[in-house]
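Colleague: Could you take one small part of this model and walk me through it slowly? I'm new to this, so please explain the terms as you go.

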Amino acid sequence: MEEQIALADRMKLIKPSPTLAVNAKAKAMKAEGADILNFSVGEPDFDTPPHVCEAGKQAIDEGFTRYTAVPGIPELREAIVDRYAADKGWKYDADQVQVCCGGKHGLYNMAQALFGPGDEVLIPAPYWVSYPPIVLLAGATPVFVPLSEEENFDLTSDNLNKCVTDKTRGIILNSPSNPTGSIFSAKALETVAQMALEKGWVIITDDIYDTIVYDEGPLAHILDVEPKVKEQTILLNGVSKSFAMTGWRIGYSLGPKHVIAAMNKIQSQSTSNPSSIAQKAALAAVSGPQDFPGKMKESFLPRREYIIGELTSIEGITCVNPSGAFYVFPNFSAYYGKKFNGKVISGSVEMSGYLLEESFLATVPGAAFGADDFIRFSFATSMDAIKEGMKRVKEALSKLD
Ligand SMILES: *Cc1c(COP(=O)(O)O)cnc(C)c1O
């Protein structure tokens, strides 16, 4: 039957988030009794720390349940400013901070405030699933900068130069990266910074995984590599990953005052302030003890080692050892073109579907991240699940011919 209500043209631009879609299918299969091992989830397998939950409960008990200031409560914005000053030495004022409904929302507000038709935004690929649709919804055009596995998914001036035009307005950096776990080298960031200075680009740096880094030494950051870019840089971050608070929906952005003011205008006419209760909880996270992210990282380390060891022991599979975050992004392309029961596994979507249907393993196809050779596994799941999961991957691949 013809649908009565026509949808806006922009609905042709985007699809629902594919990572959330896999997760939904896996949950449905699990509800029907299938022994699903879920490697598709993009969140820590930890509970929010108790002192953070306590702050949320206290906010309710104290009746802190009304509208707040649009950009977030002043105490939280001050605490974010203080945290950056103490941890990184970067100076911001409270009116250069916007608190919003999760890191994704910060990205959305930023794109609505800065980009429009005719603007090209560089997105290194593999990319996080939400970058292209958010740029498209702003009316702008995502331009993908291909990164290669051989170069540990680092940016080079060669791959950047191929994508730059006189319409380029900015670039979105994500380091450590979801889905690859790779981090950008100081040299790559220096290259981006110099181009940005020369051409007046805005640099968006999504630092949501900056507390989960496995390499020795500090994480290279574009603001340290070239402090001159600060006036044209927007930092995106939040408590979702660092404090296991994905459901609380608190993110924050820092940048030049006039950009944050524009983002506040968008927020004031769309969501208003983020949840008052969640803001109090985030305040406890940002201003309280900072040992939680480190503890999570310690627990991820052996899982990362195990999963990398297992995956790279499989013939034909290569996998970059992630420097941060909690994902591995193995290359399965050696198995594409093979068959199961006469059906060809032609790419990552079919491979991921095969692993789900035959082995009850939920993963995310690389196509969702603009990289069809790969499959994303999250190792923010139990060691037992990882061990059993790797066994199933090997079995599944051995059944292909
Ligand atoms: C999880 C994630 C975010 C933020 O997610 P929210 O749940 O909206 O806070 C941002 N960027 C990347 C790359 C992520 O993986």
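Modeller: Sure, let's look at Asp 45, which sits in the loop between β1 (37-38) and α2 (50-61). Helices (H or I, at least four residues) and strands (E, at least two) are DSSP runs, numbered from the N terminus. Before we go on, this is a predicted model, where local features need pLDDT of at least 70, side-chain atom pairs count only at pLDDT 80 or more, and totals for chains, interfaces and linings use all residues. Residues are numbered from 1 along each chain as its sequence is written, and side-chain values use heavy atoms, with hydrogens and water left out.

Asp 45 has a relative accessible area of 36%, so it counts as partly exposed (between buried, under 20%, and exposed, over 50%; 1.4 Å probe, protein chains only). Who does Asp 45 touch, leaving aside neighbours within four places in sequence? Its contacts (heavy atoms within 4.5 Å) are Phe 300, Arg 303, Ala 380, Thr 381 and Ser 382.

Two of these partners deserve a closer look. Thr 381 is 336 residues away from Asp 45 along the chain, yet their C-alpha atoms are separated by 5.9 Å. With Arg 303, the link runs side chain to side chain: Asp 45 makes a polar contact with it at 3.1 Å. A polar contact is a pair of N or O atoms within 3.5 Å; within protein, one must be able to donate a hydrogen and the other to accept it, and residues adjacent in sequence count only if both atoms are side-chain atoms.
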